[in-house]
Amino acid sequence: MAPGWRSSARATLPRAVGTLLDVVDLQTHFATRGGVVRAVDGVSWDVVEGETVALVGESGCGKSVSALSIMRLVAAPAGRIVGGRIVFKGRDLLGLDEDAMRQVRGRAIAMIFQEPMTSLNPVLTIGRQMTEGLETHLAMTPTAARKRAAELLSMVGIPDPARRLAQYPHQFSGGMRQRMMIAMALACEPSLVLADEPTTALDVTIQAQILELMKSLSRRLGVAMLMITHNLGVVARYADRVNVMYAGKIIERGTAREIYANPRHPYTLGLLRSVPRLDEPRRARLDPIEGQPPDLSRLPGGCAFAPRCAFRVDRCTVETPPLRPIGGAGHVSACWEAERLSAARETVGGRR
Amino acid sequence: MSEVLLEVRNLVKHFEVGGGLFGGRRGVVRAVDGVSFSITRGETLGLVGESGCGKTTTGRCILQLEAPTSGEILFEGRELTKLGPDELRAVRRRLQVIFQDPYSSLNPRMTVGDIIAEPLGVYGIVRGAGARRDRVRDLLRKVGLLPQHAARYPHQLSGGQRQRVGIARALAMEPALIVCDEPVSALDVSIQAQIINLLEDLQTDLGLTYLFIAHDLAVVRHISDRVAVMYLGKIVELADRKTLYDDPLHPYTRALLSAVPIPDPELEARREHLVLRGEVPSPLDPPSGCVFHPRCPLAEDRCRSVVPELREVKPGHWAACLLA
């Protein structure tokens, strides 16, 4: 490990303590021709120091917009954060001016995007892109920044870092680019990394490499991570806690073990049932979730999942179910019929 | 029952790159480098591998969207690479494709009804506008859409519905073989299962044969009868579904299976992960000997020089590994 990294707090403190990020009733809306889209519709969640939290859901559920909202990078004027608080280390990020926010971005909170090629500048060398942040945020001299950039590249497993710094993004493979994004994200020793589908564009064998790298680095450096993904397998392997999103709302949250062993929202249950699994005997037929994902500008009244739900009762189409505690360990579900699901879970993918 | 519908013999497809207007190093990309397999009528053969392994190019050669550099493709007993344009046109009807991206593979200016009806008219499968309308309605129902969807445009449909339109268009031609190139990978998880079930139902009802090209090993296991694993332009392992997943012989197959995360945190915590080192080498300059040797955890000296042939290690179970 490169000198200067803070010691691995995780190793001595198996359970990290303080809340790092507290998102309270966040609402991010987009004005479209079809009306207002409530991409993030009153969402609350938190990240504790050093832990990995997952935001899971399908396209359009609001998971990426949640991350962009934290960085205050939602594309204006169409998109706007219209309500809520984003409390990071005790400060509400929504109250900061642009200069103060720039000190947060890339320094205290870093982001890793799905497609590294589109988030890197194609006409700047890797070295320049890496040293820029170090010079701006950490006031390093160009020479020191370059040395540090080389250290970072070797930390993420890029061989021959000195030569690599002089190259351009197109000279890197997809996996190497993503390693570089990780190195850049960790450059200023952030306390939180937002990773938006970090391995979706990669092949499975490279995905495994990158995820193992992210896991070991976040452990070693004590960095908390928000992992945004649609891949239930990735979440199972890497997340401590899971938030499941549907149509702009969190519909279930719990520890990864609870969510997978004891899902208490029909959508979570449906997702887990619909994927074929390599560890189980092949099923004759898959159990899909019927219907189509909702149109966010024309959401039905009541629970947004109701039209596709096998557990629907009359109340579901009238009253929106709030997140409420179900079972222990912070497990919450936004379903009127959550209790009824405990019997149904026995049939999830043929669990014993 | 075991009538061979498609046979691919020693298929090679090389692309020349570089030189020309933009210069660059001249070279030959060996996208498909000696691939052989056959598919019997009514079966599904899964073709898995990572990006750049040649699985899509193999499919495109079979569809005659690419002219193979060498090799033979026998479909319903006819050698496709030797057919003239008219004969090929007739064969194309029996040989259809479903693409990965339902957004870019449908004409945005045509209604769903016109998209499906067009080949019916062009090929004279159904004559008369009224009869074609009926046929379109019938096809929409077969793929789980409603008659009123015929009047819509692709942008008015969801991803899953668009993929259903793509399937209906393929079915309109009454094909024997459908090449499904990553047909569910652009779809949301909750929709993937719908489309896979639909493909399976259609296969049963219409006696279809599928070449199912995908990178998702769990999906391929679910839908395929037999599975071929490709790496750098070659098939490295081929077996029936159960044998390949329960008892893989090739180290690459084992690594692929190990790399797939399973949606169960308790199992994942216990599971041993075999993480491959390095990346897929460039097909411009493939390694000597076994193309997998630079990443193989078991590689020996001879793997660097001897090219392993795909051989039948056990009855019906083929592997291209000296150590298998």
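1. A friendly place to start is chain A of this predicted model, where helix 8 of chain A passes helix 9 of chain A in a right-handed crossing. Helix 8 of chain A covers residues 174-186 and helix 9 of chain A covers residues 204-221; their axes come within 10 Å and cross at roughly 15°. Since angles under 35 degrees count as roughly parallel, helix 8 of chain A is therefore roughly parallel to helix 9 of chain A.

2. Which residues make that contact? From helix 8 of chain A come A:Gly174, A:Gly175, A:Gln178, A:Arg179, A:Ile182 and A:Leu186. Helix 9 of chain A brings A:Ile206, A:Gln209, A:Ile210, A:Leu213, A:Met214, A:Leu217 and A:Leu221. By class, the contact of helix 8 of chain A with helix 9 of chain A divides into eight nonpolar, four polar and one charged residues.

3. Over in chain B, have a look at helix 4 (residues 129-142) and helix 5 (residues 159-172) of chain B, which pack at an angle of about 125° with their axes 9 Å apart. Helix 4 of chain B and helix 5 of chain B are therefore oblique to each other, and their crossing is right-handed. Here B:Leu139, B:Leu140 and B:Lys142 of helix 4 of chain B meet B:Ala168, B:Leu171 and B:Ala172 of helix 5 of chain B. This contact of helix 4 of chain B with helix 5 of chain B has five nonpolar residues, no polar ones and one charged.

4. Back in chain A, the strands are worth a visit too. Strand 1 of chain A (residues 19-32) runs antiparallel to strand 2 of chain A, and eleven bridges join the pair. The two strands of chain A form a hairpin, with two residues between them. To find the register, you can use A:Leu21, which stands opposite A:Val47 in strand 2 of chain A.

5. Strand 2 of chain A turns up again at the domain level. The domain assignment of chain A gives domain 1 (18-239) and domain 2 (246-350), and the C-alpha centres of these two domains of chain A lie 28 Å apart. Their contact takes 20 residues from domain 1 of chain A and 14 residues from domain 2 of chain A.

6. Which elements give two or more residues to the side of domain 1 of chain A that touches domain 2 of chain A? They are strand 2 (35-48) and helix 10 (232-238) of chain A. Strand 2 of chain A gives the most, with nine residues. By class, this side of domain 1 of chain A has ten nonpolar, seven polar and three charged residues.

Methods. Residues are numbered from 1 along each chain as its sequence is written. Chains are lettered from A and ligands numbered from 1 in the order in which they are written. This is a predicted model: local features need pLDDT of at least 70, side-chain atom pairs count only at pLDDT 80 or more; totals for chains, interfaces and linings use all residues. Domain bounds come from an automatic or database domain assignment. Two residues are in contact if their C-beta atoms, placed from the backbone, lie within 7 Å. Helices (H or I, at least four residues) and strands (E, at least two) are DSSP runs, numbered from the N terminus. Ala, Val, Leu, Ile, Met, Phe, Trp, Tyr, Cys and Pro count as nonpolar, Asp, Glu, Lys and Arg as charged, and the others, Gly among them, as polar. Axes are lines fitted to C-alpha atoms, for helices over the stretch in contact, and angles run from 0 to 180 degrees between N-to-C directions. Angles under 35 degrees count as roughly parallel, over 145 as roughly antiparallel, 65 to 115 as roughly perpendicular and the rest as oblique. A crossing is left-handed if the near helix is turned anticlockwise from the far one by less than a right angle, and right-handed if clockwise. Two strands pair if DSSP finds at least two bridges between them.
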